[in-house]
Amino acid sequence: MALIDLCICSYRRPELLQTLIAVARQTGIAAEELRVIVADNTQTGEARDLVARASAQLPLALEYVHAPADNISIARNACLDHAYAPWTAFIDDDEIPAPDWLGMLLAEAERGKWDVVLGPVKAVYPDDAPDWARKGDFHSTYPVRVQGGIRTAYTGNILFRRDLVERHGFRFRLDLGKSGGEDEDFFYRVFDAGGRIGFAPDAIAYERVARERANMNWLLRRNFRAGQSHGARLEARKSRARDIALASAKAAFCGAGAMLCAFHAVRRNRYLTRAALHAGVVARLSGWSAIAIY
């Protein structure tokens with residue numbers, strides 16, 4: 001029986017093959033302890049042949065699941081439905097993990113007795129990416145700490161205990177499967193159920209930044225969506241008016257900071273992306289519909 005079920009949700013990305021090759025070369029876990037589940041989120045099952053070729057060529061226990069269509073939560077839930085190992089991991093279909101990535105996640109989980117362990121997703125920029133994006137490293141992903149702890153997570157680089165998820169019947173929300181934020185919502189619920197979330201800084205996954213994402217427009221949309229996800233977390237509280245006022249003040253402060261740093265691209269754009277995040281909180285709490293970025 002596998003120790004880890006590694007889940008990869010895929011949607012029309014030929015880079016999936018390189019991800020699978022890197023997974024097959026993992027050094028920190030024995031081949032018989034790892035099973036890989038690829039959930040294809042296209043209507044026509046476009047990744048089926050690629051996965052079949054990879055299964056024939058790579059030393060991987062590889063399972064293809066057709067999980068249509070066009071909603072990432074459908075694919076994520078299909079992975080959970082097919083996973084049975086004690087540990088479940090997720091990585092994106094355009095990421096390349098470090099050689100001992102899974103081993104480092106598992107070692108940190110056992111060391112800290114964590115229920116969930118995150119690793120960083122480090123951006124690899126194209127040669128023509130703007131200097132400010134590269135210098136500010138705007139596209140890399142790390143956990144956010146609140147009062148010293150981690151309260152939610154992302155699915156680009158993660159390992160978690162299957163029994164905790166199954167005990168509570170957690171699944172990814174379909175209504176967030178096009179807007180994004182389904183992973184943040186999912187792991188907020190895991191945290192609320194008592195799940196302890198840790199971080200393994202050396203368990204790195206590398207992600208090449210697509211040219212169409214190496215710009216402020218994409219970053220502003222992503223941060224606005226992240227703010228909407230956080231706003232959804234606040235909706236159940238009785239202090240909505242106060243939360244709107246606080247988020248509005250933060251957005252205004254960040255906007256002012258951006259103007260003061262107008263001639264320093266990294267600082268200016270850092271303020272602008274934070275302003276977009278707080279604006280997203282205000283939008284969600286004010287009843288605006290979530291934007292669809294996928």
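This is a short viewer tour of the structure, with a selection to make at each stop.

**Before you start**

You are looking at a predicted model, in which local features need pLDDT of at least 70, side-chain atom pairs count only at pLDDT 80 or more, and totals for chains, interfaces and linings use all residues. Residues are numbered from 1 along each chain as its sequence is written, and side-chain values use heavy atoms, with hydrogens and water left out.

**The whole protein**

Show the cartoon first: there are 10 helices and 12 strands. Helices (H or I, at least four residues) and strands (E, at least two) are DSSP runs, numbered from the N terminus. Switch to the C-alpha trace, which spans about 55 × 45 × 40 Å along its principal axes. The radius of gyration is 19 Å, in agreement with the value near 19 Å that a compact globule of 294 residues would have. That radius is taken over C-alpha atoms, and the globule rule is 2.2 Å times the number of residues to the power 0.38.

Now turn on the surface. About 14000 Å² is exposed, with carbon and sulfur atoms supplying 54% of it; the areas come from the Shrake-Rupley method with a 1.4 Å probe, and for residues only the protein chains shown count as cover. Of the 294 residues, 53% count as buried. Here buried means under 20% relative accessible area, exposed over 50%, and partly exposed in between (1.4 Å probe, protein chains only).

Contacts (heavy atoms within 4.5 Å) are also worth a look. Among those with a separation of 6 or more, 81% come from residues 24 or more positions apart.

**Stop 1: helix H7**

Select residues 182-192, helix H7. Eight of its 11 residues are buried, so the rest of the structure largely encloses this helix. The buried set includes the acidic-named run Glu182, Asp183, Glu184 and Asp185, and Phe186, Phe187, Tyr188 and Val190 belong to it too. To see what they pack against, add helices H3 (72-82), H6 (162-168) and H8 (216-234), then strands E6 (116-118), E10 (157-161) and E11 (197-199). Following H7 is Gly194, with a positive phi near 105 degrees.

**Stop 2: Ala203 and its neighbours**

Move on to the loop between E11 and strand E12 (205-208), where Ala203 lies. Ala203 is buried, at a relative accessible area of 0%. Leaving aside neighbours within four places in sequence, its contacts are Trp101, Met104, Leu105, Gly119, Pro120 and Asn157. Try a distance from Ala203 to Asn157: these two are 46 residues apart along the chain, and their C-alpha atoms are separated by 8.3 Å.

**Stop 3: helix H4 and the loop before it**

Trp101 and Leu105, both in contact with Ala203, are also among the buried residues of H4. Select 101-112 to show this helix of 12 residues. From first C-alpha to last it reaches 17 Å, close to the 16 Å expected at 1.5 Å a residue; the expected span is 1.5 Å times one less than the number of residues. Other buried residues of H4 include Leu102, Gly103, Leu106, Glu108, Ala109 and Gly112. After the helix comes Lys113, whose phi is positive, near 50 degrees.

Step back to Asp100, in the loop between strand E5 (95-97) and H4. Asp100 is partly exposed, at 27% relative accessibility. Leaving aside neighbours within four places in sequence, Asp100 touches Gln26, Thr27 and Gly28 by the contact criterion. The C-alpha atom of Arg25, 75 residues away along the chain, is separated from that of Asp100 by 8.7 Å.

**Stop 4: backbone oddities**

Most residues other than glycine have a negative phi, and most peptide bonds are trans. Zoom to Pro68 and Ala69, which are joined by a cis peptide bond with omega about -5 degrees. Ala69 sits in the loop between strand E3 (61-66) and H3.

Next, select Asp137, in the loop between helix H5 (131-136) and strand E8 (145-146). Its phi is positive, near 50 degrees, and Asp137 is partly exposed at 28%. Then pick Gln147, in the loop between E8 and strand E9 (149-150). Gln147 has a positive phi of about 55 degrees and is exposed, with a relative accessible area of 76%.

**Last stop: helix H10**

Finish with residues 265-285, helix H10, whose 21 residues reach 30 Å from first C-alpha to last, close to the 30 Å expected. Just after H10, Gly287 takes a positive phi of about 95 degrees.
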